[in-house]
Amino acid sequence: MTAELIGRPHFNFKAPLDAAAAADPLLSRLIGTPAFARLSNVRFLGGIDYARIPAPNGRPGSRRYTRYQHSLGVARLALLYAELRGLPPDERRLIGAAALLHDIGHAPLSHSLEPVFKEAFRIDHHLATADVLFGRVPLGAEVHAALREAGIDVERLAAVIEGREEGHDGFFAGPINFDTIEGILRSHTYEKPAPRLSPETVTMAATRRRDAADRDTVDEFWRCKDMVYGNIINCEKGMLADAVCQDAMRREIGRFTRADYLSTERKLFAKLPELRALLTAPHFEREARRALTAPLRARTRRFFTDPTIDFFARDDRARYRQKRSERILEVRELTDERIEELRQDLFNDARRDREGPDLF
């Protein structure tokens, strides 16, 4: 344990934000809003959570997480960064709120269903987040009021969340960001052995950049991201889980309205009980192949480090890179020539790719 972590509570993925870290009354108020509470019924990995952990028992490796828990974890990292950088109270409050609210606009089953909501109702988590922040939907009224009463510039807050404001050492806009650090290492807990890295350790190393140990820590995190995408997100079970969610909603789109986007998984499964049964089936992959109506073309990613780029120069877009490709997953006994497009964007990487196809 590094000197900066001595005396700090251990990073607990089940309850990552302790009372001391949430002492800011604004953050406490935001956590208590209905909009934030809704995230406790939105699974972190979407359909993958149910397919991978059909019967969670709470033990390590057999536990589902939520966007609520993830958002608390991201806020904890932002507050740690503010402490390390000695940011003034107003800036600390801004980035704490941005980190806490960055996923406030995620739909039930998160990324697994967002493509269908976008096709049918022209809404995604970027638009839904803005609707909540600016109080344009009833669910966002308390969030908007809390931000305004605390003197938060909501326009700037939205820009920080979207990665449109430079600064904060790239932790909201670059490849090494609070959201991805927390999310990748949270996902890694589904694998055995458990991850060696703590989200706080990676955040401190990426902030300080004082020696080779910090460089090696961040490089190891990037390798971990490659493993998580390969073993969890872009693996066959991950692809099938997202695909059956999207296929089920498309077939029953008449049961849904735009308002369902800011609903919960409990309400979603009340409309699609057959989907939950499929996701948690004992032989999920076999049943999923039977349920699908077309082969899948998935956009996959591999992540690598360019060692020729100086870590200490903080040119992370050049050093921490990705390669994208396509993978077609055939579904047996199908004669339909149509290929279903599958889009997986668990950590908002597509948002950060807008400057080029091989940005990082």
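What area does the chain expose, and what share of it do carbon and sulfur atoms supply? In this predicted model, the exposed area amounts to about 15,100 Å², of which 51% is supplied by carbon and sulfur atoms. The chain comprises 360 residues, and 57% of them are buried. Its secondary structure consists of 18 helices and three strands. When contacts between residues at least 6 apart in sequence are considered, 78% join residues at least 24 apart.

In soluble globular proteins, nonpolar side chains tend to be buried together. In the present model, the largest nonpolar core contains 99 residues. Within this core, the residues with the most contacts are L30, L147 and L157. Once neighbours within four places in sequence are set aside, L157 contacts L94, A97, A98, L101, L133, L147 and I152. The contact partners of L157 thus include L147, another of the three residues with the most contacts inside the core.

L157 also takes part in the packing of helix α9 against helix α7. Helix α7 spans residues 125-133 and helix α9 spans residues 154-162; their axes come within 11 Å and cross at roughly 155°. Angles over 145 degrees count as roughly antiparallel, and α7 and α9 are therefore roughly antiparallel to each other. The crossing of this pair is right-handed. On the α7 side, the interface involves H126, T129 and L133, which meet V154, L157, A158, I161 and E162 of α9. L133 of α7 is itself among the residues in contact with L157.

Definitions and conventions
Residues numbered from 1 in each chain as written. Predicted model: local features only at pLDDT ≥ 70, side-chain atom pairs only at ≥ 80, totals over all residues. Heavy atoms only, no water. Helix = DSSP H or I, 4+ residues; strand = E, 2+ residues; numbered from the N terminus. Buried < 20%, exposed > 50% of the residue type's maximum accessible area, 1.4 Å probe, protein only. Contact = heavy atoms within 4.5 Å. Areas by Shrake-Rupley, 256 points an atom, 1.4 Å probe, with all protein chains shown as cover. Core = buried A, V, L, I, M, F, W, Y, C linked by side-chain atoms within 4.5 Å. Axes fitted to C-alpha atoms, helices over the stretch in contact; angles between N-to-C directions. Parallel < 35°, antiparallel > 145°, perpendicular 65-115°, else oblique. Left-handed = near helix turned anticlockwise from the far one by under 90°.
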